[in-house]
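Here are a few exercises to help you find your way around a new structure. Have a look at it first, then work through the steps.

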Amino acid sequence: MKTKSALLAMAIATLQLLSGCSSAGDEAPTVGRAAPLVVPPDFALEPTAATAIRPADGGQEQVLDALFGGIAPRSAAERAISTTSGNAEMGIRSSVGDPQTNTVNKGSITRDIIAAPEGDGQTAQAVIPG
């Protein structure tokens, strides 16, 4: 008799727990798509006071001073590097690809990467949507 009442109590408790699961599959999530925002072509946009160009009042210098404590003196090593390097040649950037320009040999792998044609690789692929 005790086992029957215990089984009956367990069955009732199980039914109550399972009753909450009956509506789990009924509600499917819905996804909606909103219409894109469109600005009419005749809509006259004028800059507001917040977006207007502000005069240079030295605000950046004040911010840098507040954040970093002003201009720091250069160390002896930094002064030595900047003074011993000398002045750059005029037009140095236009002679970078010159065969007479001395460069460091970075190896054949780097040379192959630089000489590789543009385009998608064997495992990588670039896609521009639109």
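**Getting the overview**

About 13,500 Å² of the chain is exposed, and carbon and sulfur atoms supply 61% of that area. Keep in mind that this is a predicted model.

**Exercise 1.** Work out which secondary structure elements the chain has and what share of its residues is buried.

*Solution.* Start by counting elements: there are four helices and zero strands. Read from the N terminus, the order is α-α-α-α. Next, check burial: of the chain's 130 residues, 0% count as buried.

**Exercise 2.** Decide whether helix α2 lies in the open, and place Leu 64 in the picture.

*Solution.* First, locate the helix: α2 covers residues 59-68, and Leu 64 is found there. Then look at its ten residues: zero of them are buried, so α2 lies largely in the open. Now take Leu 64: its relative accessibility is 47%, and because exposed means over 50% and buried under 20%, Leu 64 counts as partly exposed. Leu 64 also joins Val 63, Leu 67 and Phe 68 in a nonpolar surface patch, which has about 440 Å² of accessible area together. Finally, step just past α2: Gly 69 takes a positive phi of about 80° there.

**Exercise 3.** Find the salt bridge and say how exposed its two partners are.

*Solution.* The structure holds one salt bridge. It pairs Glu 78 with Arg 74, whose closest N and O atoms are 3.0 Å apart. For exposure, Glu 78 comes to 39% relative accessibility and counts as partly exposed, while Arg 74, at 51%, counts as exposed.

Conventions: Residues are numbered from 1 along each chain as its sequence is written. This is a predicted model: local features need pLDDT of at least 70, side-chain atom pairs count only at pLDDT 80 or more; totals for chains, interfaces and linings use all residues. Side-chain values use heavy atoms; hydrogens and water are left out. Patches are made of residues with over 30% relative accessible area and no salt bridge: like charges are joined within 9 Å, nonpolar side chains (Val, Leu, Ile, Met, Phe, Trp, Tyr) within 5 Å. Accessible areas come from the Shrake-Rupley method with a 1.4 Å probe; for residues, only the protein chains shown count as cover. A salt bridge is a side-chain nitrogen of Lys or Arg within 4 Å of a carboxyl oxygen of Asp or Glu. Helices (H or I, at least four residues) and strands (E, at least two) are DSSP runs, numbered from the N terminus. Buried means under 20% relative accessible area, exposed over 50%, partly exposed in between (1.4 Å probe, protein chains only).
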